[in-house]
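Visitor: I should like to learn how the features of a protein model are read, one at a time. Please take me through this one.

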Amino acid sequence: MSAPQTIDWFRLIWDLVQRGVNLRAIAARTEIAEATLRGYLAGSHPVYWRGDLLVKLWCATCERGQDELPMVELYLAPRVVERKAGPEVNDSIGELERAWR
């Protein structure tokens, strides 16, 4: 089973920059703030509609199809949650009520 993939937003924006479309121009064409675009360069992922605008701009500028989008493997890290000290599951109702007061 292969790892899930997602669009490589850094490479997508970098492709646009290499073709002479700077961040200010991308922001003007897509109405996405430059600070938000910098966040994508730093590793954030856009919400669907912003990503769709960027993909359409990339396809038009690079003259390529969506099947040629730059992709990267999605790394899914397990989330570790530490339980804070508190009542145990098998404690009586009275003890639970006292703990939450």
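**Reading the model, feature by feature**

Guide: Let us begin with a pair of charged side chains. Lys56 and Asp52 form a salt bridge, with 3.2 Å between their closest N and O atoms. Please bear in mind throughout that this is a predicted model.

Visitor: Where do Lys56 and Asp52 lie, and how many residues apart are they?

Guide: Both residues belong to helix α4, and they are four residues apart, about one turn of the helix. As for solvent, Asp52 counts as partly exposed because its relative accessibility is 22%, and the cut-off for a buried residue is under 20%.

Visitor: How many salt bridges does the structure hold?

Guide: There are five salt bridges in the structure. One of them joins the side chains of Glu34 and Arg38, at 3.4 Å from N to O.

Visitor: Why are Glu34 and Arg38 separated by about one helical turn?

Guide: They are four residues apart in helix α3, and therefore about one helical turn separates them. Glu34 has a relative accessible area of 23%, so this residue is partly exposed. Arg38 is likewise partly exposed, at 46% relative accessibility. A salt bridge may also be part of a network: here Arg24, Glu34 and Arg38 are linked in one.

Visitor: Which residue forms a salt bridge with Arg64?

Guide: The partner is Glu68, and the closest N and O atoms of the two residues are 3.8 Å apart. Arg64 is placed in the loop between α4 (48-62) and β2 (71-73). Its relative accessible area is 35%, so Arg64 is partly exposed; Glu68, at 38%, is partly exposed as well. Apart from neighbours within four places in sequence, Arg64 is in contact with Trp58 and Cys59.

Visitor: Let us turn to the overall fold. What is the pattern of helices and strands along the sequence?

Guide: The order along the sequence is β-α-α-α-α-β-α, a total of five helices and two strands. The protein has 101 residues, of which 27% count as buried. Sequence separation is a further way to read a fold. When contacts between residues at least 6 apart in sequence are considered, 61% join residues at least 24 apart.

Visitor: How should the interior be read?

Guide: The general idea is that nonpolar side chains in soluble globular proteins tend to be buried together. In this model the largest nonpolar core has 19 residues, and those touching the most other members are Leu12, Ile26, Leu37 and Leu54. Two or more residues of this core come from each of α1 (9-18), α2 (23-30), α3 (34-41) and α4. Helix α4 gives the largest share, six residues.

Visitor: With which residues is Ile26 in contact, leaving aside its neighbours within four places in sequence?

Guide: Ile26 is in contact with Ile13, Leu16, Val21, Glu31, Leu37, Leu54 and Leu57.

Visitor: Which residues of α1 are buried?

Guide: The buried residues of α1 are Trp9, Leu12, Ile13, Asp15 and Leu16. They lie on the same side of α1, because the arc that they cover around the axis is only 150°. These buried residues pack against β1, α2, α3 and α4. After α1 comes Gly20, with a positive phi near 90°.

Visitor: Is Thr6, in strand β1, buried or exposed?

Guide: Thr6 has a relative accessible area of 18% and is therefore buried; the strand in question, β1, comprises residues 5-7. Beyond its neighbours within four places in sequence, Thr6 is in contact with His45, Pro70, Met71, Val72 and Leu74.

Visitor: Finally, let us consider the surface. Which residues make a nonpolar patch there?

Guide: Val47, Tyr48, Trp49 and Leu53 make a nonpolar surface patch of about 450 Å². Trp49, a residue of helix α4, counts as partly exposed because its relative accessibility is 47%. For the protein as a whole, the accessible surface is about 7,800 Å², and 52% of this belongs to carbon and sulfur atoms.

Methods: Residues numbered from 1 in each chain as written. Predicted model: local features only at pLDDT ≥ 70, side-chain atom pairs only at ≥ 80, totals over all residues. Heavy atoms only, no water. Contact = heavy atoms within 4.5 Å. Patch = residues over 30% accessible without salt bridge, like charges linked within 9 Å, V, L, I, M, F, W, Y side chains within 5 Å. Areas by Shrake-Rupley, 256 points an atom, 1.4 Å probe, with all protein chains shown as cover. Salt bridge = Lys/Arg side-chain N within 4 Å of Asp/Glu carboxyl O. Buried < 20%, exposed > 50% of the residue type's maximum accessible area, 1.4 Å probe, protein only. Core = buried A, V, L, I, M, F, W, Y, C linked by side-chain atoms within 4.5 Å. Arc of directions from axis to C-beta.
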